[in-house]
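User: Hello! I am new to this structure and would like a close look at a single part of it. Could you walk me through the nonpolar core and what surrounds it?

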Amino acid sequence: MKRIGAVVLVFMLLPLAAYAGDYVIGDGDTLHLSVWGVKDLTLSVKVRPDGKITVPALGEVTASGLTPTDLQSQLTERLKSLVRNPIVTVIVEGITNSKVFIFGNGVRPGVFELTRRTTLLQLLCLVGDVRIADLRKAYVLRNGVKIKEDFHKLFIEGDINEDITIETNDVVFMPAYQEKNVYVAGAVNAPRFIEHRDGLTIMDAILEAGWFSKFAKQNDVTIFRRDGAKGTTTIPVKVKNLMQDGDLNQNIKLLPGDYIIVKEGIF
């Protein structure tokens, strides 16, 4: 009874990483191994670059790629020939393997240490300024496979159903917008380019371009939009109807790279 109570106490003292069950031991991690009642088999070891540890009486044992629970089970089986009813505990004392890699010219590339369970949303909050990142084209790679694409709904629209848990060695790619501006030209008072922002509409853009000139045909505005393999799409907009009739369908949201041309007419 006393023995069982002690085992329970040891389990309660385990750090989170050790009993979370899904943490995978990696090269460089420090492990504390203990076999109940066997002082010579209680020690701290560091996982070597070849993924192995050295255990007295057993020799080399592969640890990388296993969860603490898996390693504990393997050690228990192997020690049965040496120790009667061995009770083995594996604790991850030092984590050096839990890294996430972020690259792409939409953010500052870097390596982040995962010291606790981290979601994609939490990671995006840590990476800093993402205003030039094309979140719709961003993705997460895990073991070379895309497991998550398009961060826009999560980070911009706040849809937390899009969130996922980040795991060790995940790779996050965040490209920059190939084109981050919209361009307003034609019969406006101040033709210019405008840095795109989420929610930018054609009315916003025309206002920022100094509004229509006195020669503008306000119902003859065209948005030219690059549409991937389809080429360029033209979107006619009747801005005058928008202003006079409140036709909000005409207040189209702009995308980076859009060109807005306001035609000019004498009458």
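Analyst: Happy to help; what follows is a walk through the core, with a few stops elsewhere. Please keep in mind that this is a predicted model.

Let us start with the core itself. The largest nonpolar core is made of 23 residues. Within this core, the residues with the most contacts are Ile 202, Val 221, Ile 223, Val 237, Val 239, Leu 254 and Ile 260. Several elements give two or more residues to the core: the strands are S13 (181-186), S15 (216-226), S16 (232-237) and S17 (259-264), and the helices are H6 (202-208) and H7 (239-245). Helix H6 gives the most, with four residues.

Val 221 is a good residue to zoom in on. Leaving aside residues up to four places away in sequence, Val 221 touches Ile 202, Phe 212, Ile 235, Pro 236, Val 237, Val 239, Ile 260, Ile 261 and Val 262. There is also a second, separate core of 21 residues, and Val 47, Val 55, Val 90 and Val 92 are included in it.

Now find Gln 218, which lies in strand S15. Is Gln 218 buried, exposed or partly exposed? Its relative accessible area is 22%, so Gln 218 is partly exposed; the cut-off for buried is under 20%. Beyond residues up to four places away in sequence, Gln 218 touches Phe 212, Val 237, Lys 238, Val 239, Lys 240 and Met 243. The C-alpha atoms of Gln 218 and Leu 242 are separated by 9.7 Å, and these two residues are 24 residues apart along the chain.

For another polar side chain, look at Ser 34 in strand S1 (residues 30-35). Ser 34 counts as buried because its relative accessibility is 16%. Again setting aside residues up to four places away in sequence, Ser 34 touches Leu 41, Thr 42, Ile 87, Val 88 and Thr 89.

Next comes a hairpin. Strand S9 (residues 139-142) and strand S10 (residues 145-149) pair in the antiparallel sense, over four bridges. Val 140 stands opposite Lys 148 in S10. Two residues sit between the strands of this hairpin, where Asn 143 takes a positive phi near 55°.

Our last stop is a pocket. The second largest pocket has a volume of about 460 Å³. Its lining has 17 residues, and Asp 134, Lys 137, Arg 226, Leu 255 and Pro 256 lie nearest its centre. By class, nine of the lining residues are charged, five are polar and three are nonpolar.

Technical notes. Residues numbered from 1 in each chain as written. Predicted model: local features only at pLDDT ≥ 70, side-chain atom pairs only at ≥ 80, totals over all residues. Heavy atoms only, no water. 1 Å grid on protein atoms, 1.4 Å probe; cavity = no way out; pocket = protein on both sides within 12 Å on 5 of 7 lines; lining within 4 Å. Points joined across faces, edges and corners; volume = space filled by probe spheres on them. Nonpolar A, V, L, I, M, F, W, Y, C, P; charged D, E, K, R; others polar. Core = buried A, V, L, I, M, F, W, Y, C linked by side-chain atoms within 4.5 Å. Buried < 20%, exposed > 50% of the residue type's maximum accessible area, 1.4 Å probe, protein only. Contact = heavy atoms within 4.5 Å. Pairing = 2+ DSSP bridges.
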